[in-house]
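Hi,

Here is the structure I promised to pass on to you. Have a look at it first, and then read my notes underneath.

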Amino acid sequence: MTFNRVLSVAAVAVLALGFASSPAAAQEAELRSLEVGDVAPDFSGLADNGEIWNSKEQRNGKILVVYFYPAAMTAGCTTQACLFRDNRTKLLEMGAEVVGVSGDRVANLKAFKGTNRLNFPLLSDTAGVIARAFGVPTREGGSITREVNGEEITLTRDLTTARWTFIIGRDGRIVYKATDVDPAGDPAEVIAAIERLNQG
């Protein structure tokens with residue numbers, strides 16, 4: 001089974017219905033969990049700026065850090081995102097780009113990015129298509145209330161993803177996978193892994 005395909009926004013609804021329709025489909029999705037050495041899927045999604053972000057176009061010979069997080073504007077996810085923000089210059093110097101993926105709606109991502117001055121793209125994976133392509137577990141979504149620019153807003157996510165992190169090497173293969181992620185330590189672990197990769 002190959003993952004070397006583009007998961008377009010147009011296919012999101014169809015794929016979501018197919019995966020959610022039966023226990024057998026759910027078991028098939030579990031079998032698709034990626035491991036180190038596997039070819040990474042090409043994927044696309046709606047980004048925080050309202051535009052389509054495509055991994056194949058963005059990777060372009062770079063290392064790609066893809067991290068899944070449960071919910072925008074929550075404590076652990078904010079810590080993790082801000083540390084990726086603070087280390088982005090170093091990551092770019094190492095030839096790596098970062099993209100965050102969650103089940104949040106685009107409006108949530110805009111608020112999350114603006115409030116924390118995040119400097120990398122966030123993708124809205126409300127149907128869990130990207131998560132399933134990587135084998136990342138998901139559970140039901142929810143809503144939280146936060147104050148943004150002096151106004152109380154409700155942020156609704158359609159599903160909640162597990163906190164997993166992947167690094168895709170320049171050859172398009174998975175070179176790092178973490179499924180027990182400490183949000184405060186994740187960026188440092190990613191940097192160390194990329195340093196080892198670049199030295200190899």
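Below is what I found, going from the whole chain to one loop and then to one helix.

Please keep in mind that this is a predicted model. The protein chain holds 8 helices and 10 strands. It has 200 residues, and 52% of them count as buried. About 9400 Å² of the chain is exposed, with carbon and sulfur atoms supplying 48% of that area. If you take the contacts between residues at least 6 apart in sequence, 68% of them join residues at least 24 apart.

A good place to start looking is Pro183. This residue sits in the loop that runs between strand E10 (174-178) and helix H8 (186-199). Is Pro183 buried or exposed? Its relative accessibility is 18%, and because the cut-off for buried is under 20%, Pro183 counts as buried. Which residues does Pro183 touch, once those up to four places away in sequence are set aside? They are Gly76, Gln80, Leu83 and Arg163. Pro183 and Cys77 make an interesting pair too: 106 residues separate them in sequence, while their C-alpha atoms are 6.7 Å apart in space.

On the cysteines, Cys77 is buried, with a relative accessibility of 1%. Cys82 also counts as buried, its relative accessible area being 15%. How many disulfides does a search of the whole structure find? The result is 0.

Now follow the chain into H8. This helix has 14 residues, which at 1.5 Å a residue should span 20 Å, and the C-alpha atoms at its ends are indeed 20 Å apart. Which residues of H8 are buried? They are Asp186, Pro187, Val190, Ile191, Ala193 and Ile194. Looking down the axis of H8, you will see these buried residues fall within an arc of 165°, so they line one face of the helix. Some background helps here: an α-helix has 3.6 residues a turn, so residues three or four places apart point the same way.

The face of H8 turned away from the buried side carries Ala188, Arg196 and Gln199, which are exposed. As for what covers the buried residues of H8, the list includes the helices H4 (75-86) and H5 (88-93). Strands contribute as well, including E4 (63-68), E5 (96-102), E9 (165-168) and E10.

Enjoy exploring it, and do write back with any questions.

Best wishes

Methods. Residues numbered from 1 in each chain as written. Predicted model: local features only at pLDDT ≥ 70, side-chain atom pairs only at ≥ 80, totals over all residues. Heavy atoms only, no water. Helix = DSSP H or I, 4+ residues; strand = E, 2+ residues; numbered from the N terminus. Buried < 20%, exposed > 50% of the residue type's maximum accessible area, 1.4 Å probe, protein only. Contact = heavy atoms within 4.5 Å. Areas by Shrake-Rupley, 256 points an atom, 1.4 Å probe, with all protein chains shown as cover. Disulfide = S-S within 2.5 Å. Expected span 1.5 Å × (residues − 1). Arc of directions from axis to C-beta.
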